[in-house]
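Here is a short, friendly tour for a structural biologist. Have a look at the model first, then read on.

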Amino acid sequence: MTLEDILAMRPSPGVPRAYQFPPFERVVLPSGMQVLTVNVPGRPLISANLVVRQGASDEPALLGGVTVLAARALTEGTERYPGLELIEASERLGATLHAEASWDAFAVSVEVAAPRLRAALELLAELVLHPTFPEQDVARLRDERLNDLLQARAEPRRRVEQVFAASIYTADSAYARPAAGDEESVPRLGRDELTQIHRALLNPERTALVVGGDLSGLDLSAMAAEVFGALGSAPRGRSDRAVVPVPVTHSGLDRTIVRLYHRPGSVQSEVRIGHMGLTRSVPDFHAVQVMASILGGLFNSRLQMNLREEKGYTYGIGAGFEMRRGPGPFAVRTAVHTAVTVPAIAESLAELRRIRDSRVTEAELLAARDYLVGVFPLRFETPGAVVAALGGLFVHALPDDELARYRPLVEAVTAEDVQRAALEHVDPDRVAIVVVGDADAIANDLDAAAFGELEIVREDVPGDQPEGQAEDAE
């Protein structure tokens, strides 16, 4: 049997099966708090998520990281259950408590068996309404973050993400700094600051309780009104603050800039190329999803096929939009051997231009649409995943049928839609090119390539000897 015969026997992709996102109900309580419930029969493990539409992008710049730190400290104890007693209380219910904060939201969740849901929600309310933020635990978590920042500065992959964000946003934009705070803001954070941000979070008009699982016989609206009634009497927090973009172009840059952060002797370069991107509420969201998949979201994307398969520059490369309530970043992300840093950047820019200038093939379009449509149901195999998705609808103020319409709208995306999305949202002539690598080995070639004005930054790296400050290439 020949190789051709064997290849001919391979099964071909099947037709995506029909799928409908589970129907859910939305009720607004007198306090303004919303309750979203989704009944998933046969799933006795209930997921409940209390989501507040306020995150790291809404906090004062001087207190950067306070929302994330408050989420981490929330489970350290409450007025009724100090310290380990909170863990013991959750274990007696067989429940799992978790708190986290992102750019867009603050969320506290619990998973528990259906018969103990009421008691678990009461514990969740205690956690949300009456945390104590013990001084010693806040100090420990603050020190952990400061140590993490030292590690991030030393790790090229994490460092390039920090400096890339600072390159595409103005200094007064929250997105220019890490969501968990930086070396300047974190030392300012103590119990008083966490208590202050916690009070600001207690706003029922920006809060939703999302519950999923087998809810047969349960009146969640009445239960939520009783358990979280105190939330309605809490002091109102501040209104949502918008992220401050650079008011020059849609990309946030008026030209291409190149920043090279020196790591002496580095055998590879961490590379980021991109600009300010889009909000989650962008009208052509589905066309953008398909376009980004073709460009750099799939294993056989254009960037992968070029830089990995054809050129052999990298083990992997990707590109996409991180969509938030404000315009998050668009970025090409890869790591390459030092010797091919400049040609890898050139090829990446070429692919950004090609996705705008040339129509995608029918094969590319079909592969991207089939992938997005096919993996969509796999994202919602558990009640927790369904609850998280509904929380996203609330945070981004999306319509109730957003998830039900996802697959049909992706399937309807055309090649013209993809090219239009690329032309409107990808700008290869106004990007930040940020590299963390060996400046002594690549600076001359990077300058000669004339991608844009080159700035070399020789910064202090934990564990290394100080090398000085930034310099402009001649």
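The points below cover a sheet, the helices that pack on it and one well-covered helix.

This is a predicted model. Its open sheet has six strands with mixed pairing, and helix α2 (residues 66-74) is mostly covered.

**The sheet**
- Following the strands across the open sheet, you meet them in the order β1-β2-β6-β3-β5-β4.
- At the edges sit β1 (25-28) and β4, each of which pairs on one side only.
- On average, neighbouring strands of this sheet are turned by 15° against each other, direction ignored.
- Four bridges join β1 to strand β2 (residues 34-39), and the two pair in the antiparallel sense.
- Within this part of the sheet, Val28 stands opposite Gln34 in β2.

**Helices on the sheet**
- Helix α8 (residues 220-227) packs on the sheet and touches β1, β2 and β6.
- The direction of α8 makes about 140° with that of β2.
- Helix α4 lies across β3 (45-52), β4, β5 and β6 (207-213).
- Relative to β5, α4 runs at about 155°.

**The covered helix α2**
- Eight of the nine residues of α2 are buried.
- These buried residues are Val66, Thr67, Val68, Leu69, Ala70, Ala71, Ala73 and Leu74.
- Among the elements covering them are two strands, β4 (96-101) and β5 (106-113).
- The cover also includes the helices α4 (117-129), α5 (135-154) and α7 (191-201).
- Helix α4 therefore appears in both settings: it lies across strands of the sheet and is part of what covers the buried residues of α2.

Conventions. Residues are numbered from 1 along each chain as its sequence is written. This is a predicted model: local features need pLDDT of at least 70, side-chain atom pairs count only at pLDDT 80 or more; totals for chains, interfaces and linings use all residues. Side-chain values use heavy atoms; hydrogens and water are left out. Buried means under 20% relative accessible area, exposed over 50%, partly exposed in between (1.4 Å probe, protein chains only). Contact means heavy atoms within 4.5 Å. Two strands pair if DSSP finds at least two bridges between them. Axes are lines fitted to C-alpha atoms, for helices over the stretch in contact, and angles run from 0 to 180 degrees between N-to-C directions.
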